[in-house]
Amino acid sequence: MHETAKSATRVLIVDDHPVVVSGCRSLFASDKTVKIDEAADAKAGHRAFMQKRPDVTVIDIKLPDVSGFELLRRIRKDDPDARIIMFSMNDDPAFVVRAVEMGAQGYLSKSDDPRMFVKAVRKVAAGERFISPHLAEAIAFAGAAIKANPASQMSARELEILRLLGRGDKIVDVASALGISYKTVANTTSLLKQKLGAKNHSDLVRIAVELELD
């Protein structure tokens, strides 16, 4: 994408931490070729994406309603060409691989040098990909560990259901958050118990918490 004075790069940041959003804004404060919009949760983020159609959407994985992965799935369903960067405190290589598999063009760690954020936005806006260098290196040396991580054996929907159960949501709450039926969540929960060797529902919740899906 060629930036011109008439056509600014529109960036949507979906993050519920005002300090993080403010920091991201300040990185582009003197750059008139970048326009930033923001949203604090997945529902508002999806609505803002549909209204603004940003060139790049930066999504925090840990959002207050559903996860950034679920928002990524929803946006990609509406716009397969959407350019998305996942932004997270979680540096697990399995999460980076999952994000890329789901269609993200970038993955940034919140512990990165802020200049990486600017670089990532510019590269992804230009149609390229960007993964934090230390995460790319971790992926290169973690092949077996990634395959062993239960997260790599689950679909995006299964991961989201497990994550919501892990934070204490009841099946009816999960169904409401994801806009699917109670029966679908209950059936998926049963399958997850088999996949993860959980003895009962509380054991499944324990496993979900241990996996640190946020």
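Which residues in α8 meet which residues in α10? In this predicted model, E158, I161, L162 and L165 are the residues in α8 that make the contact, and they meet V185, T188, T189, L192, K195 and L196 in α10. By character, the residues of this contact divide into 6 nonpolar, 2 polar and 2 charged. The two helices, α8 spanning residues 156-166 and α10 spanning residues 182-196, have axes that come within 10 Å and cross at roughly 90 degrees. Crossing angles of 65 to 115 degrees count as roughly perpendicular, and α8 and α10 are therefore roughly perpendicular to each other.

Two residues give a closer view of these helices. V185, which is found in helix α10, has a relative accessible area of 0% and is buried. Leaving aside its neighbours within four places in sequence, V185 is in contact with I161, I171, V174, A175 and I180. One of these partners, A175, lies 10 residues from V185 along the chain, and the C-alpha atoms of the two are separated by 6.2 Å. On the side of helix α8, where E160 is found, the picture involves a charged residue: E160 has a relative accessibility of 2%, and because buried means under 20% relative accessible area, E160 counts as buried. Beyond its neighbours within four places in sequence, E160 is in contact with V66, S67, E70 and L178.

A second helix pair can be read in the same manner. The axes of helix α4, residues 93-101, and helix α6, residues 133-140, come within 9 Å and cross at roughly 100 degrees, and α4 and α6 are therefore roughly perpendicular to each other. On the α4 side the contact is made by P93, V96 and V97, and on the α6 side by L135, A138 and I139. The residues of this contact divide into 6 nonpolar, no polar and no charged, whereas the contact of α8 with α10 includes 2 polar and 2 charged residues.

Outside the helices, R53 deserves a look at its backbone, since R53 has a positive phi of about 50 degrees although it is not a glycine. R53 lies in the loop between α2 (42-52) and β3, and with a relative accessible area of 34% it is partly exposed.

Turning to the chain as a whole, the protein has 11 helices and 6 strands. Its C-alpha atoms fill a box of roughly 60 × 40 × 30 Å, taken along the principal axes. For 214 residues, a compact globule would have a radius of gyration near 17 Å, and the 18 Å of the protein chain agrees with this. Buried residues make up 46% of the 214 residues, and among contacts between residues at least 6 apart in sequence, 65% join residues at least 24 apart.

How far these details can be read depends on the confidence of the prediction. The mean pLDDT of the protein chain is 88, and 91% of its residues reach 70 or more. Among the elements of the chain, strand β3 (residues 56-60) has the highest mean pLDDT, at 97, while helix α7 (residues 143-148) has the lowest, at 62. Over residues 1-5, pLDDT stays under 50, and for this stretch the model has 8 contacts beyond four places in sequence. Where pLDDT is low, the predicted coordinates should not be read in detail.

Notes:
Residues numbered from 1 in each chain as written. Predicted model: local features only at pLDDT ≥ 70, side-chain atom pairs only at ≥ 80, totals over all residues. Heavy atoms only, no water. Axes fitted to C-alpha atoms, helices over the stretch in contact; angles between N-to-C directions. Helix = DSSP H or I, 4+ residues; strand = E, 2+ residues; numbered from the N terminus. Parallel < 35°, antiparallel > 145°, perpendicular 65-115°, else oblique. Contact = heavy atoms within 4.5 Å. pLDDT = per-residue confidence, 0-100. Rg over C-alpha atoms; globule rule 2.2 N^0.38 Å. Buried < 20%, exposed > 50% of the residue type's maximum accessible area, 1.4 Å probe, protein only.
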